[in-house]
Protein chains: 2
Amino acid sequence: MRNHITIKDIARSLDLSYSTVSLALNDAPVVNPRTRQRVQEYARSVNYRPNASARAISTGRTYLVGAVLGRFTNSFFEEIAQGIENVASQRGFDVILNTSGFGGSSEEAHLSRLVDRRIEGVICTRYSISQQGIDRLEKMEIPILLLRADACGPQTYVAVDNRLGGRLAIEHLAALGHRHVLYVGYDFVFSQLREEGAREAARDFGVKVEPINVPAAIDRGAAFAAVSRRAKALRDFTAVFCADDVLAVGAIQALQEIGLSVPHDVSVVGFDDLRWASLISPPLTTVHQPQISQGETAMELLIAMVEGQQVASTVLAPRLVVRGSTAPVVKRAAGAKAG
Amino acid sequence: MRNHITIKDIARSLDLSYSTVSLALNDAPVVNPRTRQRVQEYARSVNYRPNASARAISTGRTYLVGAVLGRFTNSFFEEIAQGIENVASQRGFDVILNTSGFGGSSEEAHLSRLVDRRIEGVICTRYSISQQGIDRLEKMEIPILLLRADACGPQTYVAVDNRLGGRLAIEHLAALGHRHVLYVGYDFVFSQLREEGAREAARDFGVKVEPINVPAAIDRGAAFAAVSRRAKALRDFTAVFCADDVLAVGAIQALQEIGLSVPHDVSVVGFDDLRWASLISPPLTTVHQPQISQGETAMELLIAMVEGQQVASTVLAPRLVVRGSTAPVVKRAAGAKAG
DNA sequence: ATGAAAGCGCTAACAA
DNA sequence: TTGTTAGCGCTTTCAT
């Protein structure tokens, strides 16, 4: 069994020529239906399986794409990967995983391996591949699809509408009566967009939003300490909107540590709706990203590009998921207990 | 750029034969150092990259493995995948991702695709592939490495020492003075092993452990309801040990809902140490699984198998991570407030 | 409707 | 040390 059966073997056994067998296996209309059936049945009976490498070499197509998802995408990784895989397999593509490599000396080697395999396209993020890497792929005319690309650069991308997400969060808080909210974010494009959306909505609703920026690469724990320090200094906010869920839990903890209860004293809204968002206490109100859809859409677009079609970037709509970390505003002396 | 340079091209340009170029590129010692350098430099200058398919077809090796990780492994997926990828890429292998497919009609097709690619090995779990699938791979003599295999079946596996994990949890609780703990688990091998470990330790320390089984496939929320019902019925437990972290958050919520505070009234220990375990409140005391190591070890063993070596299954040691969900036992009337 | 033969890009005997 | 040649498993003209 280890040594696979080949077309030659089948041809010999059935006393046909290679090409007839090949044609029969590929359902070519020219071959006699009876012959075709005979071939296919026999092939099946001996567990014949075509050799993808051989086929690739003679057709020039590999039906292989690379998914270069780095550390930073970790929290999303699972579901996005699942989405990618869903449509890939449905469309006859396989995906080679690549989770390491950003920027480091290994990136070049990693990309080389993908190139050697003659992948037909790549899905990646701005955080999982360097500009150099992108350039290299582009020079080889390998289609690239950027995930969560935040609309910077000429590449096709699939992303959530971050601005709208920010707006949704503020609309919700405004409806609950909040008039002063803290925005806790990173110095990253997606965070800035979420903040912009928040600000726009804030203007519409007469809400004041105050930004705190937190270093991104740093250990989150440390970042949260910063949040709590800033929170203590500020007096009158009643809600916190965070650039992502991880920040949001940090914020909740920080607030609780200085004696403010969530959502009673202050409401907290996250972004992403990671798997555990509903599991923490209080369950997190957050802006949901359609992650599987993102993966699926990405793969669909990438295949379209591979097929030579012209495709447009897609932005997916986020949606607010209201859970237990937000509540109507109540009169209080903010930070009172904390001193 | 799209049409790749071949060895033939190089040979022609450098006025050498195919084979010399091939040998030079592969650092064969027979070729003249000067020739080799000339070839390699030229190849580099024209961005030559070998065609993996062509190479595969003539060497019979693909350096490709399949990772069939299903839904059930989701929570682990990221880090395990990372571990797998780490050593794979370091050893020159690529991994094809496969996240769907268990059991369903699609499994056969999925496996066929991997077989067509002539993967040299497969990493999977008992929950991500059917017995039929395993049989098929075995018949083709494709090495299989089972992840979290819980020691059932003849295949090589990599898993954490579940029994020891259970023991660690109980030891910790016993040291805190707990004498009656609830074990919340599934009807799965890994859960049973954790329970066994817990029971053994319990005997040693004079602790009583009471099991609650929760349906596994069901929505967790529903399961937690069951937990809370059972918890209300029981009077005198002071701690809960859960088969995994997801169950643990559920337990915490359930307990809080019936008016018991964690860890003041009852301590809770989880298992797995998922990424968010430290983020919830209280931060979860849990048995840590070395996930990246599991992935790495799995890949290392698989490669060894591919290389024809005899390898033994490996069990990795878990380790207890003490956080905020456990505390010394205090005298109380259990379930008092709940009525 | 089927067969013969060339070729895809590479490796590996074997010969020179 | 380099070149010739065959072959890996498949597709694809072009004949038959």
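Me: Which atom of DNA strand D is 2.6 Å from an N or O atom in the side chain of Tyr48(A)?

Reply: This is a predicted model, in which local features need pLDDT of at least 70 and side-chain atom pairs count only at pLDDT 80 or more, while totals for chains, interfaces and linings use all residues. Residues are numbered from 1 along each chain as its sequence is written, chains are lettered from A and ligands numbered from 1 in the order in which they are written, and side-chain values use heavy atoms, with hydrogens and water left out. A polar contact is a pair of N or O atoms within 3.5 Å; within protein, one must be able to donate a hydrogen and the other to accept it, and residues adjacent in sequence count only if both atoms are side-chain atoms. For Tyr48(A), the partner is a phosphate oxygen of DNA strand D. A phosphate oxygen of this strand also lies 2.6 Å from a backbone N or O atom of Ile7(A), and a polar side-chain atom of Ser58(A) is 3.0 Å from a sugar or linking oxygen.

Me: How many residues surround DNA strand D?

Reply: A residue is near a strand if one of its heavy atoms lies within 4 Å of it, and 25 residues surround DNA strand D, with Ile7(A), Ser22(A), Tyr48(A), Ser19(B) and Thr35(B) the closest. Of the atoms of DNA strand D that come within 4 Å of the protein, 67% belong to sugar and phosphate.

Me: Which helix supplies the largest share of the surface near DNA strand D?

Reply: Helices (H or I, at least four residues) and strands (E, at least two) are DSSP runs, numbered from the N terminus. Helix 4 of chain A gives the largest share, five residues.

Me: How are the residues of strand 3 of chain B arranged, and are they buried or exposed?

Reply: In a regular strand the side chains alternate between the two faces of the sheet. Here Gly121(B), Ile123(B) and Thr125(B) point one way and Val122(B) and Cys124(B) the other way, and all are buried, where buried means under 20% relative accessible area, exposed over 50% and partly exposed in between (1.4 Å probe, protein chains only).

Me: In which sense do strand 3 and strand 4 of chain B pair?

Reply: Two strands pair if DSSP finds at least two bridges between them; strand 3 and strand 4 (residues 144-147) of chain B pair in the parallel sense over four bridges. One of the bridge partners in strand 4 of chain B is Leu146(B), opposite Cys124(B).
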